[in-house]
2 protein chains.
Amino acid sequence: MNGRTKISMAVIRRLPKYHRYLKDLLDRDIKRISSKELSDIIGFTASQIRQDLNNFGGFGQQGYGYNVEELYYEIGKILGLDKTYNTIIVGAGNLGQALANYTNFDKSGFHVKALFDINPKVFGIKIRDIEIKDMDYVGPFIKENDIDIAILCTNKDSAQEVAEILVSNGIKAIWNFAPTDLRVPDDVVVENVHLVESLLTLTYLYRSDE
Amino acid sequence: MNGRTKISMAVIRRLPKYHRYLKDLLDRDIKRISSKELSDIIGFTASQIRQDLNNFGGFGQQGYGYNVEELYYEIGKILGLDKTYNTIIVGAGNLGQALANYTNFDKSGFHVKALFDINPKVFGIKIRDIEIKDMDYVGPFIKENDIDIAILCTNKDSAQEVAEILVSNGIKAIWNFAPTDLRVPDDVVVENVHLVESLLTLTYLYRSDE
DNA sequence: TAGATTGTTAATCGATTAACAATC
DNA sequence: TAGATTGTTAATCGATTAACAATC
């Protein structure tokens, strides 16, 4: 819980998009931007932008707008990008391995320390220096390596059981790619990437467009 | 546009979740379910469930509830699962290859017909029988193979350009994994999977929980 | 100072929940 | 028939948009 009033999920989910667009502006050497100008490129209303940002404090200046660099940095901080995160990937199948290979996350401060699996055949295999280890030893590894986030890439059937093992070993944040909804204690946060749901949304829109 | 009144995105995004839970019920041989019982397992209110389903017609029966098999089938139909889809993956990097390997989609009727890339070194490589081809020939391939959906897995910088090539070759549905918002004509539907945004949502929740 | 644009309150809109008559 | 539960209307809640005073 942060000290201020509760921020709605609608706002929270817009924050990364602000962050991404501000990075673009920064790369294009734009120093300041008004809510109106930002509205034109990001597609939210100027009013919504001001409301959103004001949930976190007065980043703007009347008559001037927002300082791009400052706002980018502040939103990054709100999103937790002022620190780095140690992560493990649990489930070293195609998706798990692909995510291990995805160096983009590394750049943002997310370090994959190991992959874990239950299949002895893959133990010891390395994905760009990241070793696949035996799930039996995940507990000590989490503690010794200060793991913040577990990236869950198992199949649907083992996801809940694996999540419980992770939680019992102190994991408080799970990025869940398994197509199921996890039951976890209140102090554990879960963010789902439900690919099938996303794909079915696409087909719905595609079909109803015809 | 479908003939009925416009369905809100909030409802549409819940449909795949109904579909998933109904599949579970079906696998557990449960024949019927009331909105109250479904509420207990899916987490939406019974009222919302009835409202949602009634957007598409009266699938239930007073005093009885809903027939699980029928409802599962009907929602599948609404989501477009009564037909199969030919897809291509554009961008044969880690993510593109992982998705090509992901046989789950195949089972639901999504067939990956080819991968495309611009790097000649990977032309001809096969991911479980699916060949990586030269992006230069994507146009004829789309037409000859009746491709419905393009899965966009390029990097951020080429995503817009590639999307335009796809659209000019008749693609009307793009599942976008590139971390950018595509500009496409009105008759083209895009569904984004913005992994970084999802991860930053997780870190926000994780940090504000401490 | 005048102009621009924020921060913030008020109004509107849309989505969720509650209630209950209809009906199986 | 009585009980259960839907379909649907009305009430509430929350999120978005509009408006404008504050102020840089």
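In helix H8 of chain A, which covers residues 156-168, Ala159(A), Val162(A), Ala163(A) and Leu166(A) are buried. These buried residues pack against three strands of chain A: S4 (85-90), S8 (149-152) and S9. Just after H8(A) comes Gly170(A), whose phi is positive, at about 100°. The model described here is predicted.

Helix H8 is one part of a longer chain. Chain A holds nine helices and ten strands. It is 210 residues long, and 38% of these residues are buried. Along its principal axes, the C-alpha trace spans about 65 × 50 × 35 Å. Chain A is divided into two parts, domain 1 (9-78) and domain 2 (85-197). The C-alpha centres of domain 1 and domain 2 of chain A lie 32 Å apart. Contacts across the sequence were also examined. Among contacts in chain A between residues at least 6 apart in sequence, 55% join residues at least 24 apart.

Chain A also touches chain B. Each chain gives 44 residues to this contact. On the side of chain A, five elements supply two or more residues each. Three are helices: H1 (9-27), H5 (94-101) and H9 (195-207). The other two are strands, S9 (173-176) and S10 (189-192). Helix H9(A) gives the largest share, with 13 residues. Strand S9 of chain A thus appears twice in this account: the buried residues of H8(A) pack against it, and it gives residues to the side that touches chain B. By class, the side of chain A that touches chain B has 26 nonpolar residues, nine polar residues and nine charged residues.

The surface near DNA strand C was considered next. In total, 27 residues surround this strand. The closest come from both protein chains: Gly58(A), Gly60(A) and Gly63(A) from chain A, with Gln62(B) and Gly63(B) from chain B. Several elements each supply at least two residues of this surface. From chain A these are helix H2 (35-42), helix H3 (46-54), strand S2 (60-61) and strand S3 (65-67). From chain B, helix H3 (46-54) does so. Helix H3(A) gives the most, with six residues. By class, the surface near DNA strand C has 19 polar, six nonpolar and two charged residues.

Methods:
Residues numbered from 1 in each chain as written. Chains lettered and ligands numbered in written order. Predicted model: local features only at pLDDT ≥ 70, side-chain atom pairs only at ≥ 80, totals over all residues. Helix = DSSP H or I, 4+ residues; strand = E, 2+ residues; numbered from the N terminus. Buried ≥ 20, exposed ≤ 12 C-beta atoms within 10 Å, placed from the backbone. Contact = placed C-beta atoms within 7 Å. Domains from an automatic or database assignment. Nonpolar A, V, L, I, M, F, W, Y, C, P; charged D, E, K, R; others polar. Near = placed C-beta within 6 Å.
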